[in-house]
Amino acid sequence: MILYDIIVVGAGPAGLTSALYALRANKRVLILEAKAYGGQILNANKVENYPGIESISGFDFATNLYNQVKKLGAEIKFEMVVKIEEDKTVITKNEKYKAKSIILATGVKNRKLNIDREDEFVGKGLSYCATCDGNFYKGKVVAVNGGGNTALEDAIYLSDIASKVYLIHRREEFRGEDRYASVLKNKKNVEFILNCTVASLNGNDKLKSITVLDNLGNSREIVVDGLFIAIGQEPNNGMFSNVVDINDNGYIESDDGVHTKTEGIYVAGDARVKFLRQLTTAVGDGSIAATMAIREMK
Ligand SMILES: Cc1cc2nc3c(=O)[nH]c(=O)nc-3n(C[C@H](O)[C@H](O)[C@H](O)COP(=O)(O)OP(=O)(O)OC[C@H]3O[C@@H](n4cnc5c(N)ncnc54)[C@H](O)[C@@H]3O)c2cc1C
């Protein structure tokens, strides 16, 4: 079996950046990716908050990074990792690989509403990330769906950008902290729509309105330019729980941002417990995790 210096799990921005740094340090690197290179950013219509790049599609961002890493000789296999042993054996559905160090960059998936036309409207009025896409709705009308801290923070963030923000929540009370709800109550351009769920998305080539249903089954159409879905994210790290600590929400714990509880196993990007899940922080993590792995390699 080949002994790799570093195996990177996940070919999103964090994983590819880890590989970039490790390959430039002349390390033998294997990247294992369950689906396609690029991770979540592949779904971004436009990225306009990455320093130094005014505007780029998510696909071009991912492809540029992937090509940069491939040019350096990265080995990439499209296999899902299902288990990692403490001795740094990495197990996929069909194979076993061995490394001196492992970087977990498995990211997250945004929880979906699972209603008709949801995928069709992504980037055409529907977003899962206010920090990413809020600026596209300057002076426009938006809705946020959710009742946790993320939804409340998103609504606060958007209320400084959009002309009007509807906050739609399926219950009477928010799950998020009272201090955020209090801020929102005092915002003139925020309207709460409680005990309601989003039942349908309407429009032709872009989102024009949403229909909400209350607990009694009454429907109401709300004209919006954008809908931000903030009902949580789904990290998928349970299979690594023998080598890393995982918090209640499924994110990998790390004292300093990259080290996990197992020597030689690092975490980078959205998969870890962190404050801001963005490209800038994912690539930052990737570069630090790789540099640490190289420095501490035995
Ligand atoms: C629609 C959308 C728009 C966005 N727009 C912006 C934006 O404009 N600006 C911005 O800064 N951020 C944006 N983001 C957020 C940004 O994309 C993420 O913060 C970033 O992609 C995180 O990178 P990551 O590498 O940590 O994780 P991910 O991008 O989630 O990549 C993780 C990768 O790991 C793979 N993987 C997972 N588990 C396994 C396994 N067991 N085995 C093998 N592979 C595995 C996944 O298939 C995936 O390819 C957006 C996100 C979305 C969804």
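**Entry 1. Helices α5 and α6**

I began with the pair formed by helix α5 (residues 149-159) and helix α6 (residues 178-185), whose axes lie 10 Å apart and pack at an angle of about 30 degrees. The structure I am reading is a predicted model. Because angles under 35 degrees count as roughly parallel, I recorded α5 and α6 as roughly parallel to each other. I then looked up the handedness and found that α5 passes α6 in a left-handed crossing. From α5, the contact uses Asn149, Leu152, Glu153, Ala155 and Ile156, and from α6 it uses Tyr180, Ala181, Val183 and Leu184. I sorted the residues of this contact by class and obtained 7 nonpolar, 1 polar and 1 charged.

**Entry 2. Domains**

I next consulted the domain assignment of the protein chain, which gives domain 1 (3-109 + 233-296) and domain 2 (112-229). Taken over C-alpha atoms, the centres of domain 1 and domain 2 are separated by 31 Å. How many residues of each domain are in contact with the other? I found 6 residues of domain 1 in contact with 5 residues of domain 2. On the side of domain 1 that touches domain 2, I noted 1 nonpolar, 4 polar and 1 charged residue.

**Entry 3. Shell around the ligand**

I then turned to the ligand and found that 38 residues surround the ligand. Which residues are the closest? The closest are Gly10, Gly12, Gly39, Gly107 and Gly269. I listed the elements that give two or more residues to this shell, namely α1 (13-24), β7 (108-110) and α7 (279-296). By class, I recorded 20 nonpolar, 14 polar and 4 charged residues in the shell around the ligand. I also checked the shell against the domains: domain 1 (3-109 + 233-296) and domain 2 (112-229) each supply at least three of its residues.

**Entry 4. Helices α1 and α7**

Since α1 and α7 both appear among the elements of the ligand shell, I looked up their packing. Their axes are 7 Å apart, and the packing angle is about 40 degrees. That angle makes α1 oblique to α7. The crossing of α1 past α7 is right-handed. On the α1 side, I recorded Pro13, Ala14, Gly15, Thr17, Ser18, Tyr21 and Ala22. The α7 residues that they meet include Leu279, Ala282, Val283, Asp285, Gly286 and Ser287, with Ala289, Ala290, Thr291, Ala293 and Ile294 also in the list. The residues of the contact of α1 with α7 divide into 11 nonpolar, 6 polar and 1 charged.

**Entry 5. Helices α1 and α2**

I closed with α1 and helix α2 (residues 58-71), whose axes come within 9 Å and cross at roughly 30 degrees. I therefore entered α1 and α2 as roughly parallel to each other. What is the handedness with which α1 passes α2? I found a left-handed crossing. In this contact, Pro13, Leu16, Ala19, Leu20 and Leu23 of α1 meet Leu65, Tyr66, Gln68 and Val69 of α2. I counted the classes here as 8 nonpolar, 1 polar and no charged residues. Pro13 of α1 thus stands in my notes for the contact with α7 and again for the contact with α2.

Notes
Residues are numbered from 1 along each chain as its sequence is written. This is a predicted model: local features need pLDDT of at least 70, side-chain atom pairs count only at pLDDT 80 or more; totals for chains, interfaces and linings use all residues. A residue is near a molecule or strand if its C-beta atom, placed from the backbone, lies within 6 Å of it. Helices (H or I, at least four residues) and strands (E, at least two) are DSSP runs, numbered from the N terminus. Ala, Val, Leu, Ile, Met, Phe, Trp, Tyr, Cys and Pro count as nonpolar, Asp, Glu, Lys and Arg as charged, and the others, Gly among them, as polar. Domain bounds come from an automatic or database domain assignment. Two residues are in contact if their C-beta atoms, placed from the backbone, lie within 7 Å. Axes are lines fitted to C-alpha atoms, for helices over the stretch in contact, and angles run from 0 to 180 degrees between N-to-C directions. Angles under 35 degrees count as roughly parallel, over 145 as roughly antiparallel, 65 to 115 as roughly perpendicular and the rest as oblique. A crossing is left-handed if the near helix is turned anticlockwise from the far one by less than a right angle, and right-handed if clockwise.
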